[in-house]
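Colleague: I should like to learn how to read the architecture of a model such as this one. May we take the features in turn?

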Amino acid sequence: MARNLVTARSSEGEGCLNEPMRIFSDFGPNEDIVNDLVGAGEDIANIALNQTIERAGKCVVGILERCDDTKEVIASYLPFLAPYFKCSNHHQKGKVPKGDLDDDQVDAVLKLAKYEQRVYKQANIMLDTQLRLSRTS
């Protein structure tokens with residue numbers, strides 16, 4: 001299962017793991033590394049993680065699961081985009097029916113996405129900070 005997750009590619013040749021590192025780290029163009037940070041080794045993974053958090057920290061952070069908070073921050077920091085940002089536009093059904101994962105599948109995803117989870121946690125902290133600052137300015 002885990003091997004399939006790190007080697008699977010879309011029709012565009014991209015994997016589905018570690019998307020924040022794909023966007024923000026120097027390893028982004030290298031699918032073999034960015035899609036398997038756990039297998040790339042702790043040093044490479046930490047470089048990708050640190051670059052991602054540092055570079056994302058210079059951006060207005062948005063989290064789709066917190067759409068109302070994201071919309072508020074966008075309205076404060078990027079008011080020219082605010083009229084175009086609608087929470088209702090961000091609900092995609094996808095082409096594959098959703099189903100429950102078994103315990104082995106959940107464990108595999110959690111293991112492979114451990115760096116992505118750290119970025120997500122940090123992104124929530126960044127969004128909280130931007131939200132707090134936007135409300136006090």
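Modeller: Certainly. One begins with the secondary structure: the protein chain of this predicted model has eight helices and zero strands. Read from the N terminus, its elements run α-α-α-α-α-α-α-α. The C-alpha trace spans about 45 × 35 × 30 Å along its principal axes.

Colleague: At what angle do helix 5 and helix 8 pack, and how far apart are their axes?

Modeller: The general idea is to take the angle and the axis separation together. Helix 5 and helix 8 pack at about 20°, and their axes are 10 Å apart. An angle under 35 degrees counts as roughly parallel, so helix 5 is roughly parallel to helix 8. The crossing of helix 5 past helix 8 is right-handed.

Colleague: Which residues make that contact?

Modeller: Helix 5 contributes Glu42, Ala45, Asn46, Leu49, Thr52, Ile53 and Ala56, while helix 8 contributes Lys114, Tyr115, Arg118, Val119, Gln122 and Met126. By class, this contact of helix 5 with helix 8 comprises seven nonpolar, three polar and three charged residues.

Colleague: How is helix 6 set against helix 8: at what angle, and with what distance between the axes?

Modeller: The reading proceeds in the same manner. Helix 6, residues 67-77, packs against helix 8, residues 114-136, at an angle of about 50°, with 9 Å between the axes. Helix 6 and helix 8 are therefore oblique to each other. Here helix 6 passes helix 8 in a left-handed crossing. On the side of helix 6 the contact is made by Asp69, Thr70, Glu72, Val73, Ser76 and Tyr77, and on the side of helix 8 by Leu127, Gln130, Leu131, Leu133, Ser134 and Arg135. Five nonpolar, four polar and three charged residues make up this contact of helix 6 with helix 8.

Colleague: Let us turn to the pockets. How much space lies in the largest pocket?

Modeller: For a pocket, one considers its volume, then its lining, then the elements that supply that lining. The largest pocket holds about 550 Å³ of space. It is lined by 20 residues, of which Pro20, Gly62, Val119, Tyr120 and Ala123 are the closest to its centre. The lining of the largest pocket divides into 14 nonpolar, three polar and three charged residues.

Colleague: Which helix gives the most to the lining of the largest pocket?

Modeller: Helix 8 does, with six residues. Helix 2 (19-24), helix 5 (42-56) and helix 8 each supply at least two residues of this lining. Val119 thus invites two readings: Val119 of helix 8 takes part in the contact with helix 5, and Val119 is also among the residues closest to the centre of the largest pocket.

Colleague: What lines the second largest pocket?

Modeller: Its lining consists of Cys16, Leu17, Gly99, Leu101 and Glu116. About 230 Å³ of space lies in this second largest pocket. By class, its lining has three nonpolar residues, one polar and one charged.

Methods
Residues are numbered from 1 along each chain as its sequence is written. This is a predicted model: local features need pLDDT of at least 70, side-chain atom pairs count only at pLDDT 80 or more; totals for chains, interfaces and linings use all residues. Side-chain values use heavy atoms; hydrogens and water are left out. Axes are lines fitted to C-alpha atoms, for helices over the stretch in contact, and angles run from 0 to 180 degrees between N-to-C directions. Helices (H or I, at least four residues) and strands (E, at least two) are DSSP runs, numbered from the N terminus. Angles under 35 degrees count as roughly parallel, over 145 as roughly antiparallel, 65 to 115 as roughly perpendicular and the rest as oblique. A crossing is left-handed if the near helix is turned anticlockwise from the far one by less than a right angle, and right-handed if clockwise. Contact means heavy atoms within 4.5 Å. Ala, Val, Leu, Ile, Met, Phe, Trp, Tyr, Cys and Pro count as nonpolar, Asp, Glu, Lys and Arg as charged, and the others, Gly among them, as polar. On a 1 Å grid over the protein atoms alone, a cavity is a set of points where a 1.4 Å probe fits but cannot get out, and a pocket is an open set with protein on both sides within 12 Å along at least five of seven lines; lining residues have an atom within 4 Å of a point. Grid points are joined across faces, edges and corners, and a volume is the space filled by probe spheres set on the points.
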